[in-house]
Amino acid sequence: MQTISIPVARRTALAAQGFADPRPDTTPTRRHLNRVLSRVQLLQLDSVNVAVRAHYMPLFSRLGAYEPELVDEAAWAHSPRRPRLLVETWAHEASLLPVADWPLLRSGAKRDGWWKHYGPIIERSPGLVDDILAVVKELGPIGAGGIERELATGTAARPPGSWWERSEVKKVCEYLFGVAQLTTGTRRSFERLYDLTERVVPPEILASRVSAEEGARQLIDRSARALGVATETDLRDYYRLGPAVARQAVAELVEAGRLEPVGVRGWKATAYRHAEARTPRAVTGRALLCPFDPLIWERARTERLFGFHYRIEIYVPEAKRVHGYYVFPFLLDGELVGRVDLKADRAAGVLRVQGAFTESTVDSGRVAGELAAELAHMAEWLGLDGVVVGKRGDLAPALRRLVR
C-alpha cells in the first residue's frame, strides 16, 4: 500500500473539490454550474442567512461572482426548454443534488433520518396524511402554513379539521418530504413549497430502480470523487450512509479498481484514493468558505487535512464564542490561513467583518491583502456597497486599514 504525505492528500482533496480549476473570466453559465456539481456532487441547504444562504456560497467560492438565479432556475424554475437540473432531498443534510441521482438516494442504501420519529403522529392521525396530500395535489406548490389554513377551512370534499394540532401538519409534511412522497416544488423567500414528487421528478427518473447495494456503491463512488482521498468514515459521511453498507461498498469498489487504499502520514485510519483523482503540484488562488462548504463540513477531516480546528458557534452563547457567530475560513494557495465572522448588513449596505483572525504560521500581511480583495469581491457580489471591519481578532487592524 502506497503512503502519501498530508500535503499530497490536501492537494488531491482540493483538486477533487474544484479548487485547482481557474475561475472563469466570463459570466458563469449553467455549464460552469455543472462543472462545479461534477466536483462537489451536491449543495447543502441551511436556513441561516446572516451572510448568504449556504447553497449559494460554494459556487461563489469556486467560480467567483455569478448570478444566484443560476441556482434558482436549476432547482426551482424550469420549463420544457430548460428542464430542472437539481432536486431537493435528504443527502448529507437537506441538499440540492442532480435529478439523475434521485434513484440512488431512494435505493434503500441510505437509512431513514430523524423524520422517522414522526411516525407515531401518522399512526395516531392516519387521515392527516391523506388530507395533506390532497391539499398539495390540488394547490401545490404550497407551504406548510398554507396547508394548515386549507385544512382548518376545509372544502365540500374535505371538511374542516379539528382533531389535529397545527404543529402536526408541519411535522407530517417533513415526514412526507423525508420519505419522498413530497419534495420541494419551488421556494418563496426560502420557504419550502411542497409538491407531489411525481410532479417534480421526471417520470423516467422515478421509474428507475436501483438496488440498495448498487445505490451504496454509486454514492460512495461519488463521495470519493468529491473528496479525492478519504477514510471510510469520510466517505460514508458525505451522503450519511450507515457503517455496514458503506464498508461493503468500499470493499467492492476497491476490488473493482475504483478505489485504491493508501496510507496518509499522521492518519490512523486507511484512506482511499479515487481512480480519477489527480494531485496538482500546487493549488493557487483564494476563497472564502461558508460553514457548510463540502470541503470543510466534516470538521475532523478538516483538522486532519489542514491542521485547522473549526467549529460552528451559532449555538454557543455569545460570551463563550471564540471566533464568532458565522465564521468563514479563508483558503489561500491551498492552506486555510485565517477566518472571518461575516454579516451582510443589508440595511446599511455593507458586509461587516465582526472578527478577523489569522493562523499562527502564516504571513499576516499577505493574508490581509488577499482577504481584503476577496471580501470586496464578495460584497460586490451580494450587492453591498463595501466592507466594514470591526475590532475583534489579530487580523482586524491590518484588514481595516486595507478596506477603508
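Trainee: Which residue does the side chain of Arg 192 meet in a salt bridge?

Mentor: Keep in mind that we are reading a predicted model. For a salt bridge, look for a side-chain nitrogen of Lys or Arg within 4 Å of a carboxyl oxygen of Asp or Glu. Here Arg 192 meets Glu 174, at 3.1 Å from N to O.

Trainee: Where do the two partners lie, and what does the pair tie together?

Mentor: Arg 192 belongs to strand 6 (residues 191-196) and Glu 174 to helix 9 (residues 166-178), so the pair links parts that are 18 residues apart in sequence. By this rule, the model has 30 salt bridges.

Trainee: Those two elements caught my eye elsewhere too. What do helix 9 and strand 6 supply to the largest pocket?

Mentor: Let us start with the general idea. Rolling a probe the size of a water molecule over the atoms shows where empty space is left. In this model the largest pocket holds about 450 Å³ of space. Of the 21 residues lining that pocket, Leu 45, Asp 46, Ser 47, Trp 90 and Ala 94 are the closest to its centre. Helix 9 and strand 6 each supply at least two lining residues, and strand 6 gives the most, with 3. By class, the lining has 12 nonpolar, 2 polar and 7 charged residues.

Trainee: And how many cavities does a search of the whole structure find?

Mentor: A pocket is open, whereas a cavity is a space where the probe fits but cannot get out. The search finds 2 cavities of 30 Å³ or more. About 50 Å³ lies in the largest cavity. Its lining includes Leu 227, Tyr 238, Trp 297 and Arg 301. Helix 12 provides the largest share of that lining, 3 residues. The lining of the largest cavity divides into 6 nonpolar and 4 charged residues, with no polar ones.

Trainee: Which residues line the second largest cavity?

Mentor: Gln 17, Gly 18, Asp 21, Arg 35, Val 36, Arg 39, Arg 62 and Leu 63 do. About 40 Å³ of space lies in this second largest cavity. Helix 2 supplies the largest share of its lining, 3 residues. By class, the lining has 2 nonpolar, 2 polar and 4 charged residues.

Trainee: You mentioned helix 12. What does helix 12 pack on?

Mentor: Let us read the sheet before the helix. The sheet is open and has 4 strands in the order 1-8-9-7, with mixed pairing. Its edge strands, which pair on one side only, are strand 1 (2-4) and strand 7 (229-231). On average, neighbouring strands are turned by 45° against each other, direction ignored. Helix 12 (residues 232-239) packs on this sheet, touching strand 7, strand 8 (259-264) and strand 9, and its direction makes about 95° with that of strand 7.

Trainee: In which sense do strand 7 and strand 9 pair?

Mentor: The pairing of strand 7 with strand 9 (residues 271-274) is antiparallel, over 3 bridges. To see this in the viewer, find Val 229, which stands opposite Arg 273 in strand 9.

Trainee: Let us finish with the backbone. Where is there a cis peptide bond?

Mentor: Look at omega between Gly 140 and Pro 141: the angle is about 5°, and the bond joining them is cis. Pro 141 sits in the loop between helix 7 (126-139) and helix 8 (144-153).

Trainee: What about phi of Gln 41?

Mentor: Phi of Gln 41 is near 75°, a positive value in a residue other than glycine. You will find Gln 41 in the loop between helix 2 and strand 2 (43-44).

Definitions and conventions
Residues numbered from 1 in each chain as written. Predicted model: local features only at pLDDT ≥ 70, side-chain atom pairs only at ≥ 80, totals over all residues. Heavy atoms only, no water. Pairing = 2+ DSSP bridges. Axes fitted to C-alpha atoms, helices over the stretch in contact; angles between N-to-C directions. Contact = heavy atoms within 4.5 Å. 1 Å grid on protein atoms, 1.4 Å probe; cavity = no way out; pocket = protein on both sides within 12 Å on 5 of 7 lines; lining within 4 Å. Points joined across faces, edges and corners; volume = space filled by probe spheres on them. Nonpolar A, V, L, I, M, F, W, Y, C, P; charged D, E, K, R; others polar.
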